Each structure stands twice: as C-alpha cells, then as structure tokens.
Amino acid sequence: MTTDAVTLDTSPEHSEALSPAVIGARVKALRESASLSLRDLSERSGVSAPMLSQVERGETSPTLTVAARIAAGLELRLSQLLRLDEDGAVTVVRASQRQRGGNKRRGHSFEVMTSSQPGQRAELSRHTLAPGGATGAQDGEGGGPLHEPGSRETALVERGSVILVCDGQRYVLDKGDCVTFDADVPHHFENPNERDADAEFLAVVSAGLRRS
C-alpha cells in the first residue's frame with residue numbers, strides 16, 4: 001500500500017485535537033459503535049488491519065490519505081472523523097435561533113436547542129404532543145425517522161404523560177420519568193390523553209454511544 005507523504009496538521013493549535021491518541025480512540029469508538037471488526041473496517045477502507053490496529057492504539061499518526069480511507073470505511077467525511085467541522089470549544093444557540101418544526105396533523109411540534117453545525121455529537125430538542133398526538137410515522141411504518149447507526153436517545157418527561165413505542169414494545173412514562181434507548185430502531189412517542197392535556201418532553205440524541 002502506498003502512503004501519502006502529507007501528514008495531518010500537528011501545529012500547536014491542532015496538536016491536542018489531532019494527536020494520535022485522540023484520533024486512535026475516536027476511530028476505535030466509531031468502529032465498535034458500528035459493530036465492525038478490524039477486518040471489516042480493513043475491507044471497507046482498504047487500510048490493512050495491522051495499520052488500523054496501530055492507529056487505534058495511538059502508535060502512529062495516519063496520513064491524510066489513510067485517514068480519508070478510514071473515514072470512508074466508517075461512512076464519514078474526513079472532517080467529521082477529525083472533528084474539523086467543529087468551531088471552537090463553546091457553541092451558543094440563542095432562543096431566537098432554535099430550529100422549529102413538527103407535524104400539525106399528528107399534533108406534534110418541536111424545537112431543536114443545539115447547533116445544527118456539522119460535527120456535533122449530541123442534539124437536544126423539546127417536543128410537545130397535543131392530546132392524542134404522536135411523533136414519527138405511525139401509519140404502518142413502525143416509527144421514525146431513525147437516527148444514525150449507533151445512536152442512543154434519552155428523553156425526560158416534563159409535563160403530562162407519554163408512551164414510548166420502541167421496537168414494538170410500549171413504555172408508559174409520567175412526569176419526571178426518564179428513559180434511554182437505542183435510537184436506531186423503530187420508535188415513536190404518543191400522548192395517550194385524548195383531550196385537554198398536552199404532553200412535553202426533552203430528548204437528547206447522542207451519536208456513537210450504542211451499548212452493543
């Protein structure tokens with residue numbers, strides 16, 4: 001395998017974020033969250049398993065070419081793998097800047113409180129369900145939309161009661177209850193109250209944290 005003579009930027013302002021140990025830990029976490037073996041990732045990326053092992057252990061700093069192949073094998077852009085899309089250590093989203101949406105026909109509205117910039121690894125949103133309302137697609141689709149593979153979701157009920165339907169199972173949640181589940185399986189939330197009582201919950205979706 002040929003190697004690229006151009007290596008990753010290790011200038012002082014980038015050295016910590018792009019250190020071999022940090023990159024290696026990130027590659028390993030992403031590979032494991034996708035349930036890939038070293039051999040699987042090697043076949044998908046074209047990078048040898050021994051090289052991948054060295055990268056994951058932080059024993060070598062991958063060239064740009066190797067890093068790009070690893071990113072492609074993980075179905076990511078190079079900038080996502082290296083988190084170059086992130087802009088500084090602190091990102092503030094003002095209340096007036098929140099993304100809002102929903103489906104009035106289903107009685108569901110939401111606002112996303114976190115930044116939509118690429119490279120973010122968690123999303124916080126607040127959902128409101130009208131009486132009898134529901135998130136996702138219930139009409140024979142089994143719920144959704146699904147999040148990226150390996151995602152986990154945590155939801156905290158702030159007002160009323162909701163039912164989580166996750167992978168065919170139903171879970172009744174009252175005010176103050178908190179649930180965490182695999183977000184890459186079919187799921188949706190319902191407000192079981194048919195009149196007069198909205199339900200509200202906060203949801204945090206984190207990428208690459210699935211337990212299996």
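I began with Ser-53, which I found to be buried, with a relative accessible area of 16%; it counts as buried because that value falls under the 20% cut-off. I kept in mind throughout that this is a predicted model.

I then looked up where Ser-53 sits along the chain, and found the residue in helix α4, which covers residues 49-56. Turning to its side chain, I noted a polar contact with the side chain of Arg-57, at 2.2 Å.

Next I went to Val-157, which I located in strand β4, made up of residues 152-159. I asked myself whether Val-157 is buried or exposed. The relative accessible area of Val-157 is 3%, so I entered this residue as buried.

Which residues does Val-157 touch, once its neighbours within four places in sequence are left aside? I listed Val-162, Leu-173, Asp-174, Lys-175, Gly-176, Asp-177, Glu-200 and Phe-201 as its contacts. For one of these, Leu-173, I also checked the separation of the C-alpha atoms, which is 7.0 Å from that of Val-157, although the two residues are 16 places apart along the chain.

Since Val-162 and Leu-173 are both on that contact list, I followed them into the strands β5 and β6. I saw that Val-162 has Leu-173 as its bridge partner in β6. Strand β5 (residues 162-166) and strand β6 (residues 169-173) run antiparallel and are joined by five bridges.

Last, I looked at how β5 leads into β6, and recorded a hairpin with two residues between the strands. In that turn, I noted that Asp-167 has a positive phi of about 55°.

Note on methods:
Residues are numbered from 1 along each chain as its sequence is written. This is a predicted model: local features need pLDDT of at least 70, side-chain atom pairs count only at pLDDT 80 or more; totals for chains, interfaces and linings use all residues. Side-chain values use heavy atoms; hydrogens and water are left out. Helices (H or I, at least four residues) and strands (E, at least two) are DSSP runs, numbered from the N terminus. Buried means under 20% relative accessible area, exposed over 50%, partly exposed in between (1.4 Å probe, protein chains only). Contact means heavy atoms within 4.5 Å. A polar contact is a pair of N or O atoms within 3.5 Å; within protein, one must be able to donate a hydrogen and the other to accept it, and residues adjacent in sequence count only if both atoms are side-chain atoms. Two strands pair if DSSP finds at least two bridges between them.
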